[in-house]
Amino acid sequence: TVMRQRMDASDAEIESINGVIKAQTELGVIGGTVQKRGAQQVATFLTQKSSLETLIPAMNNLIAQQKGLNATEEDAYSVANLMGKAMQGQTSALRRVGITFTASQEQVMKYGDESQRAAMLSQIITDNVGNMNAELGKTDIGKQKQLENKLAAIKNQIGGVAQAAMPYLSAAANVTMLAANATNAAAAIKLLGAAFISFTVKSKLAAA
């Protein structure tokens, strides 16, 4: 809704943003629901879909750096609001959370057009926190978080059907992490989710 109102976005453009969020979820530790909350807020400060596309990865890196593995939707909202203020030229908001930048970078943030400001804000955040989302995703605990995000996605796809079985799925994920590497674990969880979709509620819960 925000994208349609602020950017006159088409369905294809909205789907493109969803694709960015999905790719970021697979790359790092910030879940899709958390990202969407942040994207919704930062979009209220923008007029171009390309600006949102540029800022989502930087937003995720800053969320990961500020809040770590347990970032909430409210955390994403706060970071996105900070970034939105910076997009309006309020660079002091960045300094309050320890983000530093040069005078020339600040000039772009104050006087550049939206595309220039989005690109510069993304660069400033990257200069300060690196690719934190992806780097956390490479750690053992980050891989476990990615599995949790995959389980959450399975739950969303199946709906209420998986609710009663989620403790078993979580236990299976933990055991798999102990027994094999994260790639094999992710494949196992994916197959497990497909199995739930393929059979009736009664037969699958009885099997569990």
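Is Glu106 buried or exposed? In this predicted model, Glu106 is buried, its relative accessible area of 17% falling under the 20% limit that defines the class. The side chain of Glu106 nonetheless takes part in a salt bridge with that of Arg95, with an N to O distance of 3.2 Å. Because Glu106 belongs to helix α7 (residues 103-111) and Arg95 to helix α6 (residues 92-95), this pair ties together parts that are 11 residues apart in sequence. Arg95, for its part, is partly exposed, with a relative accessible area of 44%.

The salt bridge between Glu106 and Arg95 belongs to a set that comes to 6 by the rule applied here. Another of these pairs is formed by Glu53 and Lys49, whose closest N and O atoms are 3.4 Å apart. Both residues lie in helix α4, and because they are 4 residues apart they are separated by about one helical turn. Within this pair, Glu53 is partly exposed at a relative accessible area of 27%, whereas Lys49 is buried at 18%.

In helix α10, the side chains of Glu148 and Lys145 likewise meet in a salt bridge, with an N to O distance of 3.9 Å. These two residues are 3 residues apart and are therefore separated by about one helical turn. Glu148 is partly exposed, with a relative accessible area of 38%, while Lys145 counts as buried at 17% relative accessibility. Helix α10, which spans residues 140-158, also contains Ala153, a residue that counts as partly exposed because its relative accessibility is 33%. Although Ala153 and Gly31 are 122 residues apart along the chain, their C-alpha atoms are separated by 9.2 Å.

As regards helix packing, helix α3 (residues 32-43) and helix α4 (residues 49-67) pack at an angle of about 130°, their axes being 10 Å apart. The two helices are therefore oblique to each other, and their crossing is right-handed. On the side of α3 the contact is made by Gln35, Gly38, Ala39, Val42 and Ala43, and on the side of α4 by Leu52, Leu55, Ile56, Met59 and Asn60. Sorted by class, the residues in the contact of α3 with α4 comprise 7 nonpolar and 3 polar ones, with no charged residues. Helix α4 thus takes part in the packing with α3 and also holds the salt-bridged residues Glu53 and Lys49.

Note on methods. Residues are numbered from 1 along each chain as its sequence is written. This is a predicted model: local features need pLDDT of at least 70, side-chain atom pairs count only at pLDDT 80 or more; totals for chains, interfaces and linings use all residues. Side-chain values use heavy atoms; hydrogens and water are left out. Axes are lines fitted to C-alpha atoms, for helices over the stretch in contact, and angles run from 0 to 180 degrees between N-to-C directions. Angles under 35 degrees count as roughly parallel, over 145 as roughly antiparallel, 65 to 115 as roughly perpendicular and the rest as oblique. A crossing is left-handed if the near helix is turned anticlockwise from the far one by less than a right angle, and right-handed if clockwise. Contact means heavy atoms within 4.5 Å. Ala, Val, Leu, Ile, Met, Phe, Trp, Tyr, Cys and Pro count as nonpolar, Asp, Glu, Lys and Arg as charged, and the others, Gly among them, as polar. Buried means under 20% relative accessible area, exposed over 50%, partly exposed in between (1.4 Å probe, protein chains only). A salt bridge is a side-chain nitrogen of Lys or Arg within 4 Å of a carboxyl oxygen of Asp or Glu.
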